[in-house]
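User: I want the labels on this model justified, one by one. Please set each value against its cut-off.

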Amino acid sequence: MSKQKRACLLLAMAGVIVSACSQAGGSGRWAADVDSIYVTKSLDVRSAMVFTSAVANDLYDQEELARDTREWVQDYNAKEGQEESPRQGKSPDPDKGKDGGRGKGKLPVALTSCTLKGGTGAMVFDYGTPEDFVKFSQEVGDTSHTVTALSVGTVADMLPDGKVAGLRFAAPDGKAAEGREVAKHPKYRVVAIEGAATVCTEGKVAYVSFGDMAVKDDYTVVTGEGLHYIIFH
């Protein structure tokens, strides 16, 4: 992809940031039709880049957009020392291999869908690790969020008693909760995110840490700058 075309595409994306995943419809299903990060119950990380722009549409048809986006992915994977094979990037494997904690046989980044309808394009990616999301975004110059760090896990792994004790949380209804209340749910999933983004979860949001965040619905949280924790089940 030429630098000019990439710059025009990213500029178009930056102009249409949407701050909620209301299309999930309360079901936990991710529509992937707004710029967002999606975390599944099995702790897989995906993301959607979405743009609506007459300028971008003048530059691309769907085949060109898909081809050029695959070049982004291939370039990043090559830098990470990973080459695509027919079995890679298709479905997550819960077993962790030696590739930086990625699922066995899983690429750092895989393009799972790419569509262009009218003036709206949507690209959906699947990541080997949460860190791959951050690094890939930085590599391609994605300005639809400001995330500088992302990790996922369980309450037991990421928020042990000593760490969670000093944190304050709130339930989606705004009711305050102490860290010890969160610690009672060691199997709940945790998204730790630093920066502003829209985060969609497969399970219902149970708690969010105090700070610059807004719970939009049972499955959607919009974060501001700073470090935040999203707890879901």
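Analyst: Start with one residue pair: Tyr 207 stands opposite Ile 231 in β13. The model is predicted, so local features need pLDDT of at least 70, side-chain atom pairs count only at pLDDT 80 or more, and totals for chains, interfaces and linings use all residues. Residues are numbered from 1 along each chain as its sequence is written, and side-chain values use heavy atoms, with hydrogens and water left out.

User: What makes β10 and β13 a pair of strands?

Analyst: Strands are DSSP runs of E with at least two residues, and helices are runs of H or I with at least four, numbered from the N terminus. Two strands pair if DSSP finds at least two bridges between them. Strand β10 (residues 205-209) and strand β13 (residues 227-232) have three bridges, in the antiparallel sense. They therefore count as paired.

User: Which sheet holds them, and why are β5 and β7 called edge strands?

Analyst: The sheet is open and has six strands, in the order β5-β8-β13-β10-β6-β7, with antiparallel pairing. β5 (149-154) and β7 (176-178) each have a single partner strand, so one side of each lacks a neighbour in the sheet. The twist averages 25° from one strand to the next. Axes here are lines fitted to C-alpha atoms, with angles from 0 to 180 degrees between N-to-C directions.

User: How do you know that β9 pairs with β1 and β12?

Analyst: Count bridges. β1 (residues 36-39) and β9 pair in the parallel sense over three bridges. Val 39 has Thr 201 as its bridge partner in β9. Four bridges join β9 to β12 (residues 220-223), and these two run antiparallel. There, Ala 197 has Thr 223 as its bridge partner.

User: Why is β9 called mostly covered?

Analyst: Buried means under 20% relative accessible area, exposed over 50%, partly exposed in between (1.4 Å probe, protein chains only). Five of the five residues of β9 (residues 197-201) are buried. Ala 197, Val 199 and Thr 201 point one way, Thr 198 and Cys 200 the other.

User: Why is the pair Tyr 127 and Phe 133 called edge-to-face?

Analyst: Rings of Phe, Tyr and Trp (its six-membered ring) pair if their centres lie within 6.5 Å; planes under 30 degrees apart are stacked, over 60 edge-to-face, the rest tilted. The structure holds six aromatic pairs. For Tyr 127 and Phe 133, the centres are 5.5 Å apart and the planes 85°. Both cut-offs are met, so the label is edge-to-face. Both residues are buried. They belong to one aromatic cluster with Tyr 76, Phe 125 and Phe 136.
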